[in-house]
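Me: Please examine one part of this structure closely, namely the surroundings of the ligand, and relate that part to the secondary structure that supplies it.

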Amino acid sequence: MPVLSPVELFTPRLKLRWMDERDVDAHFAVFSDPDVTRYWSSGPWTSLEQAREHIAAAQAAYADGSGMRLGAELIGTGKLIGSVSLHRFVDASRRCEVGYALARVHWGGGYVSEALRALLNYGFTALDLNRIEADVDPRNGASARVLEKLGFQREGYMPERWIVQGEPADTVYYGLLRRHWKG
Ligand SMILES: CC(C)(COP(=O)(O)OP(=O)(O)OC[C@H]1O[C@@H](n2cnc3c(N)ncnc32)[C@H](O)[C@@H]1OP(=O)(O)O)[C@@H](O)C(=O)NCCC(=O)NCCS
């Protein structure tokens, strides 16, 4: 697993940073929205405790190098509007998965594309990754579009890979190689 150090990444409109206790309310606001979790592998959160536990798990992952979830904070207001992550590292193959979620009110503003450009750049340079993957529900058009804009290739289709609240959900698998990254 990579050695992760507390990092801050800046984009024109966002500061990406490690998350902590101050983010519980804003993180809960994002993941308690059924629109946000519509294509997620679990349902919307119903208690603040879930946000607290999720942030604690992120902190444990920083410590053991198994994942980095960065809060996306609007520069200027300091408001946390979502988060992006690199996780499921496979060291020997220098690869991992990417994840992202944004508060509904901010969708369509290009924020996640902007955040991911900085995160992927960090992954391919500072973390020396060779490949980054994403698991997307085929109905999640916005997510697929974000990945394709960044140069991810659609590589595979896995029917009924997930069962979420009793409903089977397919996966489209995306991958981006470092040599195809236009950072
Ligand atoms: C997916 C998500 C992260 C996108 O964030 P965002 O900041 O709105 O994304 P961007 O504005 O950078 O780009 C969205 C792109 O998708 C397009 N889009 C939006 N809805 C779409 C749809 N239903 N079908 C196809 N494209 C769509 C937008 O037009 C835009 O493309 P453009 O820049 O060419 O116009 C956001 O919708 C979200 O948080 N969803 C819930 C969590 C989630 O699904 N995470 C991904 C799990 S794999």
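Reply:
**From the hairpin to the ligand shell**

Strands S7 and S8 form a hairpin with two residues between them, and Gln 165 in its turn has a positive phi of about 50 degrees. The model discussed here is predicted. Eight bridges connect S7 with S8, and the two strands run antiparallel. One bridge pair can be named: Arg 154 has Tyr 174 in S8 as its partner.

The hairpin belongs to an open sheet of eight strands with mixed pairing, in the order S1-S2-S3-S4-S5-S6-S8-S7. Strand S1 (8–10) and strand S7 (153–164) are its edge strands, each pairing on one side only. On average, neighbouring strands of the sheet are turned by 25 degrees against each other, direction ignored. In general, the strands of a sheet pair through backbone hydrogen bonds, in either a parallel or an antiparallel manner.

Strands S5 and S6 (residues 131–136) illustrate the parallel sense, pairing over three bridges. Cys 96 has Ile 132 in S6 as its bridge partner. Helix H4 lies across S5, S6 and strand S8 (167–177), and runs at about 160 degrees to S6. Elsewhere, helix H2 (residues 48–64) lies across strand S2 (14–18) and strand S3 (67–74), at about 125 degrees to S3.

Strand S5 also leads to the ligand: S5 (95–102), helix H3 (111–124) and helix H4 (141–149) each contribute at least two residues to the shell around the ligand. The largest share, six residues, comes from H4. Thus the helix that lies across S5, S6 and S8 is also the element with the largest share of the shell.

By residue class, the shell comprises 10 nonpolar, seven polar and three charged residues. Of the 20 residues around the ligand, those that come nearest are Gly 108, Gly 110, Ser 113, Asn 140 and Lys 149.

Individual polar atoms give a finer view of the site. In the side chain of Ser 113, an N or O atom is 2.5 Å from an oxygen atom of the ligand. For Gly 110 the backbone is involved, with an N or O atom 2.7 Å from a ligand oxygen atom. Arg 145 places a polar side-chain atom 2.8 Å from an oxygen atom of the ligand. As for the ligand as a whole, it exposes 960 Å² when taken alone, and the protein buries 70% of that area.

Note on methods
Residues numbered from 1 in each chain as written. Predicted model: local features only at pLDDT ≥ 70, side-chain atom pairs only at ≥ 80, totals over all residues. Heavy atoms only, no water. Near = heavy atom within 4 Å. Polar contact = N/O pair within 3.5 Å; in protein donor to acceptor, adjacent residues only side chain to side chain. Areas by Shrake-Rupley, 256 points an atom, 1.4 Å probe, with all protein chains shown as cover. Helix = DSSP H or I, 4+ residues; strand = E, 2+ residues; numbered from the N terminus. Nonpolar A, V, L, I, M, F, W, Y, C, P; charged D, E, K, R; others polar. Pairing = 2+ DSSP bridges. Axes fitted to C-alpha atoms, helices over the stretch in contact; angles between N-to-C directions. Contact = heavy atoms within 4.5 Å.
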